[in-house]
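Biologist: I would like to learn how to read the features of a model such as this one, step by step. Could we begin with what the word "exposed" should be taken to mean?

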2 protein chains.
Amino acid sequence: MKIGIIGFGLMGASLALALREADPTLTFVIADRDAGHRAVARQLFPDSVIGDDLTRIAGLSDILFLATPVRTMGAIAQQIGPFLKPGMTLTDLGSVKEQVIRDIAPHVPGNCHFIPGHPVAGRERSGPNDADPLIFKDRNWVLTPDENCNPEALDRLTKLLEGLPIAHVLRLDAASHDRVLAFNSHLPHIIAFAAMLESAKIGEDLGVDMRNFSGGSYDDMTRVAAADPVMWRDIFLTNGERLEEMIRALIGRMDNILDAMHASDEAKLTALIAKARDLKIRD
Amino acid sequence: MKIGIIGFGLMGASLALALREADPTLTFVIADRDAGHRAVARQLFPDSVIGDDLTRIAGLSDILFLATPVRTMGAIAQQIGPFLKPGMTLTDLGSVKEQVIRDIAPHVPGNCHFIPGHPVAGRERSGPNDADPLIFKDRNWVLTPDENCNPEALDRLTKLLEGLPIAHVLRLDAASHDRVLAFNSHLPHIIAFAAMLESAKIGEDLGVDMRNFSGGSYDDMTRVAAADPVMWRDIFLTNGERLEEMIRALIGRMDNILDAMHASDEAKLTALIAKARDLKIRD
């Protein structure tokens, strides 16, 4: 079976490595518009077809993964649609599903199968040099097929993914996926970006090096700020409404805690924190 | 030299273990109002004076660390003030300094030295059973003495702390400390508590287990929600104004990013994220 990967960045390269470890008989066809990324691909997969001609990759793939920033996916689908092999499956690694489905689905020929997907995994790095098949370890891979999805194609993709060192392949409707991910992933990223911008300002104002006064909680709050800007710009632009909803919800929760502080309502404040703690400990 | 520790929780117990490793000739006097905590102290420090009579501990200590929730410190200082040994040094581990100084300083006799302090370290656990001397490893210990501080007392405390596996003993004015810590530590904690409360609501609304769709960024955003509720209630009540200032500042930064999203201003959005990323990578 020929596995196609469009986008040999951190995720695409990690996926290729993980799939090869899972099944050494798989062969790969890889496309990336960055010559440096292609050079890494040639080193790691010397026997593969590697190039920048997406239509060629499309024509060769039995299962094709789009691993590019989410806002590029529509144009890529439009370009490769006419060249997709009959019976093949197109899937993706996008962190947003509803808009990506709207962008991709119209370009997939009726004799091909589009099964949107998202590995709930990542790193704060980018590029194929930081690729690591263990990125997926013990994380779930979510598929968001619609009700018309071909059961055999879904089964074939699911079996392929279950060969990875992931926890489970899960299914979820695209709308729920986008709300949950807006909270679990997109929100911590906007917090991290915002925190780094503000941290620099405070450090400058006070003439202190903020790192000197940071413990683990600062490290946690800001770690993912080192993630890829284009990927995150695209996610924010594609799932903006849901992200904003989650920001407002988080602010509402913080305002609740602040209200208890303003009122010096110790009992309420303790109850809120203790409830949060219980939830985290059971988490 | 006799080291006194009032509050044998996670931090007090970790400090005692770290000091003993640093200098086995030190002896300890330990007070905690919790019988279970005292039992752990007796196991770990069988040759020490251990009890719940704070005034006795106060009378024996050459250097006395207050390691209790910050809002208890004023009352403790009032209780032990008359019993403090002439020439001794009183210090604390409080995450807030200005209010703690206002609470403690009036009760310290003129022949004793009060040197406020704060190890920029911690864990999301609590209690002496989770004590670990490596909590302090490579973290800085901040002292916030005023201009009248006795140089010899400051030197003696600094030398004692420099024996720990910490990075450095740093000095900072109390006001700057409280602004920086409101951002670096108190803000991530209120975010974590708020996030856990909201996460439970979203999971319930959508009928999904949020853990199934979480990667590292969710783990980071919520990790410290498992921290001690009383300790954090007290920090929030004691540094509330500065914490609120930091929440508003973070919201302002997020609104900036949202504005660029609303305007679909790709260039501005990319610039904001890329700047945050550069700051984090240099961080």
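Modeller: A residue is called exposed when its relative accessible area is over 50%, buried when that value is under 20%, and partly exposed in between. Please keep in mind throughout that this is a predicted model. As a case, B:S264 has a relative accessible area of 52% and is therefore exposed; the residue sits in the loop between α10 and α11 of chain B.

Biologist: What is the phi of B:S264, and how should such a value be read?

Modeller: Most residues other than glycine have a negative phi. In this model the phi of B:S264 is near 45 degrees, a positive value in a residue that is not glycine. B:D138, also not a glycine, has a positive phi of about 65 degrees; B:D138 belongs to the loop between β7 (117-119) and β8 (141-143) of chain B, and its relative accessibility of 56% makes it exposed.

Biologist: Turning to burial, which residues of helix α4 of chain A are buried, and which are exposed?

Modeller: In α4 (residues 73-80) of chain A, the buried residues are A:M73, A:G74, A:I76, A:A77 and A:I80. Viewed down the axis of α4(A), these buried residues fall within an arc of 165 degrees, and so they line one face of the helix. On the other side of α4(A), A:A75 and A:Q78 are exposed. The cover over the buried residues of α4(A) includes β1 (2-6), α3 (54-60), β4 (63-66), β5 (89-92) and α5 (98-104) of chain A.

Biologist: How is the interface of chain B and chain A to be described, and how much area is buried there?

Modeller: The size of an interface is often given as the accessible area lost when the parts come together. Between chain B and chain A the buried area is about 8200 Å², with carbon and sulfur atoms giving 69% of it. B:L197, B:F213 and B:R253 supply 9% of the area that chain B buries against chain A, more than any other three residues. The contact involves 86 residues from chain A and 86 residues from chain B, and 38 residue pairs are in polar contact between the two chains. On the side of chain B that touches chain A, α7(B) gives the most, with 23 residues; by class, that side has 49 nonpolar, 17 polar and 20 charged residues.

Biologist: How many salt bridges are found across the interface of chain B and chain A, and which pairs would serve as examples?

Modeller: Side chains of opposite charge can pair when their charged atoms come close. Across this interface there are 14 salt bridges, among them that of B:R71 with A:E266, whose closest N and O atoms are 2.7 Å apart. Another is formed by B:R248 and A:D255, at 3.0 Å from N to O; B:R248 lies in helix α10 of chain B and A:D255 in helix α10 (residues 240-262) of chain A, so the pair joins two chains.

Biologist: What does the salt bridge of B:R223 with B:E124 tie together?

Modeller: The closest N and O atoms of B:R223 and B:E124 are 2.9 Å apart. Because B:R223 lies in the loop between α8 and α9 of chain B and B:E124 in the loop between β7 and β8 of chain B, the pair ties together parts that are 99 residues apart in sequence. By contrast, B:D205 and B:K201, which also form a salt bridge, both lie in helix α7 of chain B, four residues apart, or about one turn of the helix.

Notes:
Residues numbered from 1 in each chain as written. Chains lettered and ligands numbered in written order. Predicted model: local features only at pLDDT ≥ 70, side-chain atom pairs only at ≥ 80, totals over all residues. Heavy atoms only, no water. Buried < 20%, exposed > 50% of the residue type's maximum accessible area, 1.4 Å probe, protein only. Arc of directions from axis to C-beta. Contact = heavy atoms within 4.5 Å. Buried area = accessible area lost by both parts, 1.4 Å probe. Salt bridge = Lys/Arg side-chain N within 4 Å of Asp/Glu carboxyl O. Polar contact = N/O pair within 3.5 Å; in protein donor to acceptor, adjacent residues only side chain to side chain. Nonpolar A, V, L, I, M, F, W, Y, C, P; charged D, E, K, R; others polar.
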